[in-house]
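You asked for a short reading of this entry. The points below go through it in order, beginning with the sheets.

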Amino acid sequence: DYAADYLQKIPGSILAAFLDTTPQLKVNASDYLATAYKSESKEYHLHLVNTENILQKPPAMVSHAFKFVNFAENAPACNRAFTVEFKLPAENFVPKQITACSPEFESEKVLEYTQQDDLLVISIPEKLFAGYLNIIIK
């Protein structure tokens, strides 16, 4: 069984039991791993990692010598725009601003978004990043 498939089936189905209390996160593009957490300063941080050509199906072996091209210096940025959906907890949180930062570029970039009730839809423009992006919901 492929590890990514297993993680979606087993732990993913266990987490589904807690969806009323756990923020939901959905990336509307394939090959992205996403996590979310709330900081002490009450900001939400969404981490996106581009896993394209990284999560390989067996019998492929990955070693310390494996080149993660999405994280190489001057790696080509993603050539398509996509959205990230984030379901806010039921605490009537209204964001003041949503920005993105990455070691791949200088200074924070302001991201466009829409909000309907507790669902944020954040637009990620093409060519923004190659390997890693931190979305900050203030």
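In what order do the four strands of the open sheet with β1 stand? The order is β1-β4-β8-β7, and the pairing is antiparallel. The numbered notes take this up and then move to the rest of the protein.

1. Status and overall make-up. The model is predicted. One helix and nine strands are assigned, and from the N terminus the elements follow one another as α-β-β-β-β-β-β-β-β-β. The helix is thus followed in the chain by the run of strands. Of the 138 residues, 28% are buried. About 9,200 Å² of the protein is exposed, with carbon and sulfur atoms supplying 55% of that area. Counting contacts between residues at least 6 apart in sequence, 64% connect residues at least 24 apart.

2. The four-stranded sheet. In the order β1-β4-β8-β7, the edge positions belong to β1 (24–27) and β7 (113–116). Each of these has a single partner strand, so one side of each lacks a neighbour in the sheet. Direction ignored, neighbouring strands here are turned by 15° against each other on average.

3. The β4/β8 pair. Strand β4 covers residues 82–87 and strand β8 covers residues 119–124; they run antiparallel and are joined by six bridges. Within this pair, V84 has I122 of β8 as its bridge partner. Both V84 and I122 return in the account of the core, where they are listed among the residues with the most contacts inside it.

4. The five-stranded sheet. The second open sheet has the order β2-β3-β9-β5-β6, again with antiparallel pairing. Its edges are β2 and β6; each has a single partner strand, so one side of each is left without a neighbour in the sheet. Strands of a sheet pair through backbone hydrogen bonds, in either a parallel or an antiparallel sense.

5. Pairing within the five-stranded sheet. Seven bridges link β2 and β3 in the antiparallel sense, and Y37 stands opposite H45 in β3. On to β9, β3 pairs over six bridges, also antiparallel, and here the bridge partner of H45 is I136. H45 can therefore be followed across the sheet, from Y37 to I136 in β9; in a regular strand the side chains alternate between the two faces of the sheet. Between β5 and β9 there are four bridges, the strands running antiparallel, with A100 matched to I135 of β9.

6. Strand β9 and I137. How much of strand β9 is covered? Five of the six residues in β9 (residues 132–137) are buried. One residue of this stretch, I137, has contacts beyond its neighbours within four places in sequence: E43, Y44, L46, F86, F93, P95, Q97, I98, L120 and I122.

7. The nonpolar core. The largest nonpolar core consists of 24 residues. Those with the most contacts inside it are F82, V84, I122, I124, L133, I135 and I137. At least two residues of this core come from each of β3, β4, β5, β8 and β9. In soluble globular proteins, nonpolar side chains tend to be buried together.

8. A buried polar residue. N70 sits in the loop between β3 (44–50) and β4. Is N70 buried or exposed? Its relative accessible area is 9%, which puts N70 among the buried residues because the limit is under 20%. A polar atom of the N70 side chain lies 3.0 Å from the backbone oxygen of E52. Setting aside residues up to four places away in sequence, N70 touches N50, T51, E52, I54, A75, A130 and G131.

9. Positive phi outside glycine. Most residues other than glycine have a negative phi. Two residues deserve a look on this point. D31, not a glycine, has a positive phi of about 70°; D31 is placed in the loop between β1 and β2 (32–38) and is partly exposed at 34% relative accessibility. S107 also has a positive phi, near 60°. S107 lies in the loop between β5 (98–101) and β6 (109–110), and S107 is exposed, its relative accessible area being 58%.

Methods: Residues numbered from 1 in each chain as written. Predicted model: local features only at pLDDT ≥ 70, side-chain atom pairs only at ≥ 80, totals over all residues. Heavy atoms only, no water. Buried < 20%, exposed > 50% of the residue type's maximum accessible area, 1.4 Å probe, protein only. Contact = heavy atoms within 4.5 Å. Areas by Shrake-Rupley, 256 points an atom, 1.4 Å probe, with all protein chains shown as cover. Pairing = 2+ DSSP bridges. Axes fitted to C-alpha atoms, helices over the stretch in contact; angles between N-to-C directions. Polar contact = N/O pair within 3.5 Å; in protein donor to acceptor, adjacent residues only side chain to side chain. Core = buried A, V, L, I, M, F, W, Y, C linked by side-chain atoms within 4.5 Å.
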